[in-house]
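This report describes a single protein model, starting with one strand and working outward to its sheet, core and pocket. The sequence and structure are shown first.

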Amino acid sequence: MGTDNIPESIRALSSLSRIDYVDHFTLSTGADATPEQWARAMFGDVPSAAEQLIWRGLLGFRLSLGRSPDTVAGWHIAERGEDWIRLEATSWFLTGNLLVQATDGRVSLGTFLRYDRRLGHSVWPPLSAVHRLLVPGLLRDAAAKIGDRELRP
């Protein structure tokens, strides 16, 4: 995917000096939560076994393994605004940002990657097809988790 179809207001929230891959998915929802709560509903506090396989094993991202208020699923919380949070991770061949936004009855997830070595150009494109298939379900599952939490006293 190119960067042309992503609004500048969203691209501007990435910390990457150059963006080689970007996607952005949005779900309308009545669930109310902060961007960090949404990020934790999507990814958890620590990386799951599947996330470790993909993020650490295939993409080589250096992630924190323990729980921390400074990380979400091992990704470092780099910056946040009123309605967004940016998570960052790096490997020896990729740098990534995950951007979670929550505003006006919508939640969205943006994925931004910079290929720091030639291997990034080879590894991510086939994985990106699977990523794009999984993200809509990830958003729906997070909305269900947030909704369940809202129903509890």
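## Strand S5

In this predicted model, strand S5 spans residues 94-103 and is mostly covered, with 9 of its 10 residues buried. S5 pairs with strand S4 (residues 84-90) on one hand, in an antiparallel arrangement of 7 bridges. With S6 the pairing is also antiparallel, and 10 bridges join the two strands.

Individual bridge positions can be traced along these pairings. Ala89 stands opposite Gly96 in S5, and Leu87 stands opposite Leu98 in S5. In S6, Leu98 has Thr111 as its bridge partner, while the partner of Leu94 in S6 is Tyr115.

## The sheet

The strands form an open sheet of 6, in the order S1-S6-S5-S4-S3-S2, with antiparallel pairing. Strands S1 and S2 (71-72) stand at the edges with a single partner strand each, so one side of each has no neighbour in the sheet. In general, strands of a sheet pair through backbone hydrogen bonds, in either a parallel or an antiparallel way.

S1 is joined to S6 by 8 bridges, and the two run antiparallel. Phe25 is one of the residues in this pairing, and its bridge partner in S6 is Leu109. S6 has 9 of its 10 residues buried, so it is largely enclosed by the rest of the structure.

## Hairpins and positive phi angles

S4 and S5 form a hairpin with 3 residues between them. The hairpin of S5 and S6 has 2 residues between the strands, and there Asp104 takes a positive phi near 50°. Most residues other than glycine have a negative phi. Asp104 is not a glycine, yet its phi is positive. Asp104 lies in the loop between S5 and S6 and, at 66% relative accessibility, counts as exposed because the cut-off for that class is over 50%.

Ala73 is another residue that is not a glycine but has a positive phi, of about 50°. Ala73 is found in the loop between S2 and S3. Is Ala73 buried or exposed? Its relative accessibility is 0%, so Ala73 counts as buried. A positive phi also occurs at Gly44, which follows helix H2 and has a value near 85°.

## Helix H2 and Phe43

Helix H2 covers residues 35-43 and is mostly covered, with 7 of its 9 residues buried. The buried residues of H2 are Pro35, Trp38, Ala39, Arg40, Ala41, Met42 and Phe43.

Which residues does Phe43 touch, not counting residues up to four places away in sequence? They are Glu51, Trp55, Val72, Ala73, Leu87, Leu98, Leu109 and Leu138. Among these, Ala73 is the loop residue with the positive phi, and Leu87 and Leu98 stand opposite each other in the S4 and S5 pairing. Leu109 is the bridge partner of Phe25 in S6.

## Nonpolar cores

The largest nonpolar core has 37 residues, of which Trp38, Met42, Phe43, Phe61 and Leu87 touch the most other members. Strand S1 (21-28), H2, strand S3 (75-80), S4, S5, S6 and H4 each supply at least two residues of this core. H4 gives the most, with 7 residues. Apart from the largest core lies another, of 8 residues, including Ile6, Val22, Trp84 and Leu99.

Trp38, Met42 and Phe43 also appear among the buried residues of H2.

## The largest pocket

How much space lies in the largest pocket? The volume is about 480 Å³. The pocket is lined by 21 residues, and those nearest its centre are Phe43, Ile54, Trp55, His131 and Leu134. The elements that give two or more residues to this lining are helix H3 (49-58), strand S6 (106-115) and helix H4 (118-151).

H4 gives the most to the lining, with 8 residues. By class, the lining has 16 nonpolar, 4 polar and 1 charged residues. Phe43 is thus listed both near the pocket centre and among the core residues that touch the most other members. Trp55, another of the residues nearest the centre, is in contact with Phe43.

Terms used:
Residues are numbered from 1 along each chain as its sequence is written. This is a predicted model: local features need pLDDT of at least 70, side-chain atom pairs count only at pLDDT 80 or more; totals for chains, interfaces and linings use all residues. Side-chain values use heavy atoms; hydrogens and water are left out. On a 1 Å grid over the protein atoms alone, a cavity is a set of points where a 1.4 Å probe fits but cannot get out, and a pocket is an open set with protein on both sides within 12 Å along at least five of seven lines; lining residues have an atom within 4 Å of a point. Grid points are joined across faces, edges and corners, and a volume is the space filled by probe spheres set on the points. Helices (H or I, at least four residues) and strands (E, at least two) are DSSP runs, numbered from the N terminus. Ala, Val, Leu, Ile, Met, Phe, Trp, Tyr, Cys and Pro count as nonpolar, Asp, Glu, Lys and Arg as charged, and the others, Gly among them, as polar. Buried means under 20% relative accessible area, exposed over 50%, partly exposed in between (1.4 Å probe, protein chains only). Two strands pair if DSSP finds at least two bridges between them. A nonpolar core is a set of buried Ala, Val, Leu, Ile, Met, Phe, Trp, Tyr and Cys residues joined through side-chain atoms within 4.5 Å. Contact means heavy atoms within 4.5 Å.
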